[in-house]
Amino acid sequence: LIERDNAMKLSISIVDKAGDMAPFVLRGDFSRSIRLAKTIGYDAVEMHVTNPESIDINEIRDLCERESISVSSIGTGMARTVDGLSFVSNDRELRTKTAERMKSFIKAAQTLGSVVIIGLIKGLIPPGEDYHSFESRVVDMLNICLEEAEKRGVTLVLEAINRYESNFLVNADETLAFIHKFKSDHLKIHLDTFHMNIEEPDMAKSIIKCKGFLGHMHFADSDRRYPGHGHIRFKEVLNALDQAGYSGYIAIECLAMPDPMETAKRTLEYLRSLEHN
Ligand code: LER
Ligand code: MN
């Protein structure tokens, strides 16, 4: 077994309740999923939460300490899917609610020592409208989030999401250029291999381009099933992450097919086998 300083740190996505086609692996009670993730061999969990006010974050932190497992990241997309929150909504009141929700995600992340993902919660620009007339909303919302993140020492990670699910910040170039405008150490880019397979001409090159600014990684295969099921060349992705000096978590965000346990186990087995050869 070759031990490397930069051994990959694997996190598994957990959610309390989501539809069958949502790309999250362990489902149900958070405490149970955290214990299960540890038993299977994961280093961390990525919690997908609708509203952190409705869960006992201190209890989660204590459990994770007892189990020696981390919370790598908090996913915020459920706040859009379930509660309709969005950075770009035409409804000012809804944008205010979104800012408040983001602040409570950031507070929870401070307690848990995790990054906060900004993915689907960006929202969608309405059909027929152009991004530039909405950019100021995204910038204003991010500035509010960054002020809170800086105060709490939390990193925000902005996810590039493919064109079929999002209509701005869809690829690495666009997202990297956008985060550079803020010149903040608390804002990083977040890449997801499923989206990259659709948007990036060369996944390895795109990862290396993000050197120094990559804050989080999602792994799913080309068919959004567990790594090893589709045609993404994960060995090349791992090598590119090494070259980019990435030392953060790799969170598994994929469909729970054939079922959560098999998905979690097969992923771990496959990725560990790549690491050691
Ligand atoms: C969120 O991380 C993401 O990748 C979206 O496609 C949500 O499904
Ligand atoms: Mn993702």
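Biologist: Which ring face does Lys122 lie over?

Modeller: The idea is to look for a lysine or arginine charge within 6 Å of a ring centre and roughly along the ring normal. This is a predicted model, and in it Lys122 lies over the face of Phe168, at 5.5 Å from the ring centre. There is another case to look at: the charged end of Lys9 sits over the ring of Tyr249, 4.4 Å from the centre of that ring.

Biologist: Phe168 has Leu169 right after it in the numbering. What is the phi of Leu169?

Modeller: Phi of Leu169 is near 55°, a positive value in a residue other than glycine. Leu169 belongs to the loop between S6 and helix H6 (172–180), and with a relative accessible area of 1% it is buried. Arg224 also has a positive phi, about 60°, although it is not a glycine. Look for Arg224 in the loop between S8 and H9; its relative accessibility is 12%, so Arg224 counts as buried.

Biologist: And where is the cis peptide bond?

Modeller: Go to Met257 and Pro258: a cis peptide bond joins them, with omega at about 10°. Pro258 is in the loop between strand S9 (249–252) and helix H10 (260–275).

Biologist: Now the rings. How do I read an aromatic pair?

Modeller: You describe a pair of aromatic rings by the distance of the centres and the angle of the planes. The structure holds four such pairs. One of them is Phe178 with Phe182, an edge-to-face pair with 5.3 Å centre to centre and 65° between the planes. Phe178 and Phe182 are both buried. For Phe219 and Phe234, the centres are 4.9 Å apart and the planes are at 50°, so that pair is tilted. Phe219 and Phe234 link distant parts of the chain: Phe219 is in strand S8, Phe234 in helix H9 (residues 234–243), and they are 15 residues apart.

Biologist: Are Phe219 and Phe234 buried or exposed?

Modeller: Phe219 is buried, at a relative accessible area of 0%, and Phe234 counts as buried at 0% too. Together with Tyr270, Phe219 and Phe234 form one aromatic cluster.

Biologist: On to the metal. Which residues are the protein donors of the manganese ion (ligand 2)?

Modeller: A good start is the ideal geometry: angles are 90 or 180 degrees for six octahedral donors. Here the protein donors are Glu159 (OE), Asp192 (OD), His218 (ND1) and Glu253 (OE), lying 2.1 to 2.3 Å from the manganese ion (ligand 2). The site has six donor atoms with angles of 70 to 176° among them, and is octahedral. Along the chain, the donors follow the spacing E-x32-D-x25-H-x34-E. Glu159 in strand S6 (residues 156–159) and His218 in strand S8 (residues 214–219) are 59 residues apart, a pair that links distant parts of the chain. Glu159 and His218 are both buried.

Biologist: Last one: how do I find the buried side of a helix?

Modeller: An α-helix has 3.6 residues a turn, so residues three or four places apart point the same way. Take helix H2 (residues 57–67), where Ile57, Ile60, Leu63 and Cys64 are the buried residues. Seen down the axis of H2, they fall within an arc of 120°, so they line one face. Glu65 and Arg66 are exposed on the other side of H2.

Biologist: What about helix H5 (residues 135–152)?

Modeller: Helix H5 has 18 residues and reaches 25 Å from first C-alpha to last, close to the 26 Å expected. Its buried residues include Val138, Met141, Leu142 and Cys145. The buried residues of H5 cover an arc of only 165° around the axis, which puts them on the same side of the helix. The face of H5 turned away from that side carries the exposed residues Glu147 and Lys151.

Key. Chains are lettered from A and ligands numbered from 1 in the order in which they are written. This is a predicted model: local features need pLDDT of at least 70, side-chain atom pairs count only at pLDDT 80 or more; totals for chains, interfaces and linings use all residues. Side-chain values use heavy atoms; hydrogens and water are left out. Donors are N, O and S atoms within 2.8 Å of the metal (3.2 Å for Na, K and Ca); water is not among the atoms, so sites may look incomplete. Four donors count as tetrahedral if all angles lie between 85 and 135 degrees; four count as square planar and six as octahedral if opposite donors are over 155 degrees apart and all others between 65 and 115; anything else is irregular. Helices (H or I, at least four residues) and strands (E, at least two) are DSSP runs, numbered from the N terminus. Buried means under 20% relative accessible area, exposed over 50%, partly exposed in between (1.4 Å probe, protein chains only). Rings of Phe, Tyr and Trp (its six-membered ring) pair if their centres lie within 6.5 Å; planes under 30 degrees apart count as stacked, over 60 as edge-to-face and the rest as tilted. A charge sits over a ring if NZ of Lys or CZ of Arg is within 6 Å of the ring centre and within 35 degrees of the ring normal. The expected span of a helix is 1.5 Å times one less than its number of residues. The arc is that of the directions from the helix axis to the C-beta atoms.
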